[in-house]
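User: Please take a close look at one part of this model: a loop residue that sits beside the sheet. Describe its surroundings, then work outwards to the elements around it.

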Amino acid sequence: MKSEPDVFGIADLERDRVTIWDGVRNYQARNFLKSMEVGDLAFFYHSNTSPPGIVGLMQIIEAQVVDPSQFDLDGEYYDPKSTIIAPRWHTVKIEFVRTFNSQIALATLRDRFTSEELLAVKQGNRLSVMPILDRVAEQILQMAENLTPIN
DNA sequence: GCCAACGTTGGC
DNA sequence: GCCAACGTTGGC
């Protein structure tokens, strides 16, 4: 799951511990959010930063959450086509698990995985929520273990 | 800041 | 329903 650190980064999640992942306004990304279940783990990815990459881990603690921002008239995620009876945007509530000692850069992920193995590595991919194979996720977690801490 | 890739909008 | 124009994302 991607977020720009300037907007909401892993440090913000570590501080808040729990958050609703609101503001996703892409149908494909929303469908992936809808498929998530309580207990699922997700990587936190920093986009639009240098270098971009995976910075930590979080856990889904509530599924099928109606995104409240779609009803916020003054917010940037307001959707006039959404109604309380038929909301268009669902998301998840997540909890901070941990920040990696050092981030796993996109370049490293590209070195290690093909775009078939890891969708996030595919050039031109703009999806902010993407599925990941268990096997690949385990390898990434292993990579995180082996990272040397930054001071 | 540039720009390729992609999604959305809207005229027809 | 097609597709050109436009807006956005996000790596570099």
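Analyst: D67 is found in the loop between β4 and β5. The model is a predicted one, and everything below is to be read with that in mind. The relative accessibility of D67 is 1%, so the residue counts as buried, the cut-off for that class being under 20%. Its side chain takes part in two polar contacts that can be described here. One is with the side chain of S69, at 2.6 Å; another is with the side chain of R25, at 3.0 Å. Once residues up to four places away in sequence are set aside, D67 touches D22, G23, V24 and R25, as well as W89, H90 and T91.

From D67 the description moves to the strands on either side of its loop. β4 covers residues 53-66 and β5 covers residues 90-105. The two strands pair in the antiparallel sense, over ten bridges. Strands of a sheet pair through backbone hydrogen bonds, in a parallel or an antiparallel sense. Two positions in β4 illustrate the register with β5: L57 has R98 as its bridge partner, and E62 has K93.

E62 deserves a separate note. Its place is in strand β4, and with a relative accessible area of 35% it is partly exposed. Leaving out neighbours within four places in sequence, the contacts of E62 are V38, V92 and K93. E62 and E95 are 33 residues apart in sequence, and their C-alpha atoms are 9.3 Å apart in space.

β4 also pairs with β3 (41-46). Those two strands run antiparallel and are joined by six bridges, and F43 has L57 as its bridge partner in β4. L57 therefore appears in two of the bridges given here, with F43 and with R98. The hairpin of β3 and β4 has six residues between the strands, and N48 in that hairpin takes a positive phi near 55°.

How are the strands ordered in the sheet as a whole? The sheet is open and has five strands, in the order β1-β3-β4-β5-β2, with mixed pairing. β1 (2-3) and β2 (18-20) are the edge strands, each pairing on one side only. β2 runs antiparallel to β5 and is joined to it by three bridges. T19 stands opposite I94 in β5, and I20 stands opposite K93 in β5. K93 is thus named twice, opposite I20 and as the bridge partner of E62.

Two helices pack on these strands. α3 lies across β4 and β5, and runs at about 95° to β5. Helix α5 (residues 134-146) also packs on the sheet, where it touches β3, β4 and β5, and its direction makes about 45° with that of β5. Q142 is found in α5; its relative accessibility is 47%, so it counts as partly exposed. Q142 and K122 are 20 residues apart in sequence and 21 Å apart from C-alpha to C-alpha.

α3 spans residues 27-34, and A29, R30 and L33 in it are buried. These three cover an arc of only 100° around the axis, which puts them on the same side of α3. An α-helix has 3.6 residues a turn, so residues three or four places apart point the same way. The buried residues of α3 pack against β5. At the start of the helix, a side-chain oxygen of N26 comes to within 3.0 Å of the backbone nitrogen of Q28.

The last item is the aromatic rings. If ring centres within 6.5 Å are taken as a pair, the count comes to three aromatic pairs. One of them is formed by W21 and F44, whose ring centres are 5.4 Å apart and whose planes stand at 80°, so the pair is edge-to-face. This pair links distant parts of the chain, since W21 is in the loop between β2 and α3 while F44 is in strand β3, 23 residues apart. Both W21 and F44 are buried.

To return to the starting point, D67 is buried at 1% relative accessibility, and its side chain makes polar contacts with those of R25 and S69.

Notes. Residues are numbered from 1 along each chain as its sequence is written. Chains are lettered from A and ligands numbered from 1 in the order in which they are written. This is a predicted model: local features need pLDDT of at least 70, side-chain atom pairs count only at pLDDT 80 or more; totals for chains, interfaces and linings use all residues. Side-chain values use heavy atoms; hydrogens and water are left out. Buried means under 20% relative accessible area, exposed over 50%, partly exposed in between (1.4 Å probe, protein chains only). Helices (H or I, at least four residues) and strands (E, at least two) are DSSP runs, numbered from the N terminus. The arc is that of the directions from the helix axis to the C-beta atoms. Contact means heavy atoms within 4.5 Å. A polar contact is a pair of N or O atoms within 3.5 Å; within protein, one must be able to donate a hydrogen and the other to accept it, and residues adjacent in sequence count only if both atoms are side-chain atoms. Two strands pair if DSSP finds at least two bridges between them. Axes are lines fitted to C-alpha atoms, for helices over the stretch in contact, and angles run from 0 to 180 degrees between N-to-C directions. Rings of Phe, Tyr and Trp (its six-membered ring) pair if their centres lie within 6.5 Å; planes under 30 degrees apart count as stacked, over 60 as edge-to-face and the rest as tilted.
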